[in-house]
Every structure is written in C-alpha cells, then in structure tokens.
Amino acid sequence: MVSFPMEFKWVFLGISLMLVGLVSSSRFEELYQPSWATDHLTNEGEILRMKLDNLSGAGFSSKNKYMFGKVTVQIKLVEGDSAGTVTAFYMSSEGPTHNEFDFEFLGNTTGEPYSVQTNVYVNGVGNREQRLNLWFDPSNEFHSYSILWNQHRVVFLVDETPVRVHSNLEHKGIPFPKDQAMGVYSSIWNADDWATQGGRVKTDWSHAPFIASYRGFEIDGCECPATVAAAENSKRCSSSAEKRYWWDEPTMSELSLHQSHQLIWVRANHMVYDYCTDTARFPVAPVECQHHQHKTRN
Ligand SMILES: *[C@@H]1O[C@H](CO)[C@@H](O)[C@H](O)[C@H]1NC(C)=O
Ligand SMILES: *[C@@H]1O[C@H](CO)[C@@H](O)[C@H](O)[C@H]1NC(C)=O
C-alpha cells in the first residue's frame with residue numbers, strides 16, 4: 001500500500017467496503033535504504049545482496065516507521081559454510097523501552113541445519129527466545145518470512161505457516177507492544193562468539209564473503225510519519241468508524257483452525273528451544289508463558 005499514491009488509496013477504500021490496506025510488492029529502494037556498510041550491499045534490481053567479510057557485515061532499514069500490519073521479505077540465506085554468521089530480519093522501535101520482533105537466522109557448518117531464532121522485546125526487555133530448525137534448507141531457495149502485528153498478537157510466519165504467536169494478555173496485566181511505531185530492519189554480521197553450536201564453531205573466513213539475498217519486499221502497514229506525534233500516530237493507526245484496517249478484522253485476532261494445526265505441527269516437529277520451558281533459566285515460568293494459549297477461530 002505504501003507505494004500507491006493517495007488518490008489510489010481512497011479509490012481502494014471505496015471499493016473494499018472501507019477496508020484499508022493493500023498488499024503490494026515493491027522494489028527494495030521504494031521501501032528500504034542501506035543503513036551501514038553500504039559498500040557491502042548490491043542492489044541488482046529484483047534482488048538485493050548483503051555480504052559479510054572480514055571487514056564488515058551490512059544492514060538495511062525501512063524508510064518509514066509503521067504501526068500494525070504485515071511485513072514480508074523473501075530471503076535466501078548464506079550457502080554452504082555459514083557457521084558463525086547471523087542474518088536478522090526484524091521490526092524495532094527506538095529508545096530504552098523499545099519493542100522488537102526478531103527473526104535471527106543462525107548459520108551452521110556445511111550440511112548442518114540453519115536455526116531460526118525468534119524473540120520478542122517488550123518495553124526494552126527480551127529474553128523470549130524460541131528456536132526452530134526449518135522443514136527445508138533456507139540456503140537453497142528463497143522463502144518468505146513475515147511478521148504480522150495487530151492489537152491482539154504478533155505472529156511470525158515462514159512461507160505463511162505460523163511458527164510463533166505472541167498474544168496480547170493485557171487483560172492479565174501483562175504489557176503488550178502496541179503504542180510505539182516500528183521500523184523494519186535486516187542485517188548480517190559475525191556472531192561466532194555465540195551463534196553456532198553455542199559458540200564452539202567459529203567463522204571460517206577463508207569461506208568469505210558470506211552472502212544473503214533478498215527479494216519480494218512487502219510492507220502493508222499504517223505509516224507513521226516522524227513529523228507526527230506518537231499519540232496522534234496511535235490514533236491514526238487504529239480502526240474507527242471512518243476507517244477499518246484489515247488487520248483489525250475479527251478473523252485477524254486469532255489463528256484459523258488450519259493455522260493452529262500448522263503451529264502445533266511446527267512446535268511438535270521443529271522446535272528445538274522454547275524459553276517458556278527452560279526451567280534452568282527461569283525456575284518460575286515467565287508470566288506470559290503461564291497464560292499463553294493459542295486461541296482458535298472456527
Ligand atoms: C581479509 O580477507 C582478504 C581476502 O580474503 C585477505 O586478503 C585479508 O588478508 C584478510 N584480512 C584480515 C585482517 O584477515
Ligand atoms: C547446527 O548443527 C548442529 C548439529 O546438527 C545442531 O545441533 C545445531 O542446532 C545447528 N544450529 C546451530 C545454530 O548451531
């Protein structure tokens with residue numbers, strides 16, 4: 001939707017029963033900009049590549065900040081030996097009490113599986129890691145990774161399969177990230193002190209450069225101009241009598257039955273770590289783990 005001029009938005013608004021929001025796939029430069037080590041990024045039109053070598057990693061960030069909606073990108077991760085490398089795709093707000101929704105792809109030695117770590121920061125505090133091994137090799141082909149965010153939940157999706165749901169439990173007194181606009185970011189860097197097999201396997205620089213490729217950039221969210229006050233953005237980005245955002249539709253507040261089966265399958269077959277069940281780290285389960293249940297829409 002971000003790439004459509006204002007007139008179009010109103011036309012779509014009219015014909016879509018006041019439902020605001022429209023998925024559009026864009027070129028990298030329409031939505032994003034390089035944010036550091038710009039000489040380690042190459043924009044080849046359809047495909048953007050970022051490399052990590054012994055000099056630097058690289059990163060890009062969205063030009064705008066958003067509240068709610070869905071961000072998607074297709075990534076083909078580092079091929080072959082990716083041990084020690086981390087490629088991240090995430091949303092984050094700014095400041096000491098920032099919120100953050102992370103996908104972190106932890107590399108591995110040739111032939112060993114990549115791990116996908118997700119994390120959620122609320123008011124500056126993370127420590128909510130989950131890890132999975134995927135049902136495919138993410139370095140072979142492009143696959144899509146999405147974050148869906150609304151007032152009810154944050155959903156992490158891999159090829160449209162939900163792999164994690166972080167629900168709004170404010171009614172239980174648990175804070176939920178819903179009042180800070182977020183940017184969208186990606187980066188690749190060396191993290192061989194912890195990333196691969198607990199930090200035991202180091203980056204083999206003779207295999208550099210390590211390259212992650214991107215395409216299919218989509219952001220369908222409510223834009224929050226930096227010139228507009230936070231409270232005003234919050235109001236603009238909430239559905240009201242005049243406008244309804246698609247992510248506020250009742251069907252968006254819970255997983256469908258099919259999706260909840262998919263999530264159960266992922267958790268049973270692919271999850272390798274869940275902070276909620278790490279009793280060594282958390283003798284008392286974190287509060288949201290005691291309440292999180294995956295509600296299903298029939
Ligand atoms: C970095 O890599 C280049 C190319 O492989 C190599 O020539 C150079 O010596 C390396 N530098 C360091 C500090 O390891
Ligand atoms: C790497 O491969 C090892 C061995 O198969 C596995 O235990 C580990 O979870 C994989 N991922 C990372 C990030 O180390």
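Q: How many bridges pair S8 with strand S15, and in which sense do the two run?
A: The two pair in the antiparallel sense over 8 bridges. S8 covers residues 85–92 and S15 covers residues 183–190. Keep in mind that this is a predicted model.

Q: Got a residue pair I can click on there? What stands opposite Tyr90 in S15?
A: Tyr185 does.

Q: And is S8 enclosed or open to the outside?
A: Largely enclosed by the rest of the structure, because 6 of the 8 residues of S8 are buried.

Q: What about S8 and S9, how many bridges there?
A: There are 7, again with antiparallel pairing. Ala88 stands opposite Glu104 in S9, and Ser92 has Glu100 as its bridge partner in that strand.

Q: How many residues of S9 are buried?
A: 5 of the 7, so S9 is largely enclosed by the rest of the structure.

Q: OK, zooming out. What's the strand order in the open sheet of 8 strands?
A: The order is S3-S6-S15-S8-S9-S10-S11-S19, and the pairing is antiparallel.

Q: Which strands stand at the edges, and why is one side of each left without a neighbour?
A: Strand S3 (32–36) and strand S19 (271–274). Each has a single partner strand, so one side has no neighbour in the sheet.

Q: How many degrees is the average twist from one strand to the next?
A: It averages 15 degrees.

Q: Start from the S3 edge, then. How does S3 pair with S6?
A: In the antiparallel sense, over 4 bridges, with S6 spanning residues 58–62. If you want a landmark, Pro34 has Phe60 as its bridge partner in S6.

Q: Now towards the other edge. How many bridges join S9 to S10?
A: 7 bridges join them, and the strands run antiparallel. S9 is residues 100–106 and S10 is residues 115–121. Glu104 is bridged to Gln117 in S10, while Asp102 stands opposite Asn119. Glu104 also turns up on the S8 side, where Ala88 stands opposite it.

Q: And S10 to S11?
A: That antiparallel pair is joined by 4 bridges, with S11 at residues 130–133. The bridge partner of Ser115 in S11 is Asn133.

Q: Switching to the ligands. Which residues are around ligand 2?
A: Leu106, Asn108, Glu112, Pro113, Ser115, Ala195, Thr196 and Gln197. Ser115 is the residue that is bridged to Asn133.

Q: How many nonpolar, polar and charged residues does that shell have?
A: By class it has 3 nonpolar, 4 polar and 1 charged.

Q: Where does His270 sit?
A: In the loop between helix H4 (257–269) and S19.

Q: What does His270 touch, leaving out residues up to four places away in sequence?
A: Leu132, Asn133, Leu134 and Trp135. His270 and Leu132 are 138 residues apart in sequence, yet their C-alpha atoms are 5.3 Å apart in space.

Q: Why does His270 count as partly exposed?
A: Because it has 17 other C-beta atoms within 10 Å, and a residue needs 20 or more to be buried and 12 or fewer to be exposed.

Q: Last one, what's the chain's average pLDDT, and where does pLDDT stay under 50?
A: The chain averages 91, and 89% of the residues score at least 70. The stretch that stays under 50 is residues 1–17, for which the model has 18 contacts beyond four places in sequence.

Technical notes. Residues numbered from 1 in each chain as written. Chains lettered and ligands numbered in written order. Predicted model: local features only at pLDDT ≥ 70, side-chain atom pairs only at ≥ 80, totals over all residues. Near = placed C-beta within 6 Å. Nonpolar A, V, L, I, M, F, W, Y, C, P; charged D, E, K, R; others polar. pLDDT = per-residue confidence, 0-100. Contact = placed C-beta atoms within 7 Å. Pairing = 2+ DSSP bridges. Axes fitted to C-alpha atoms, helices over the stretch in contact; angles between N-to-C directions.
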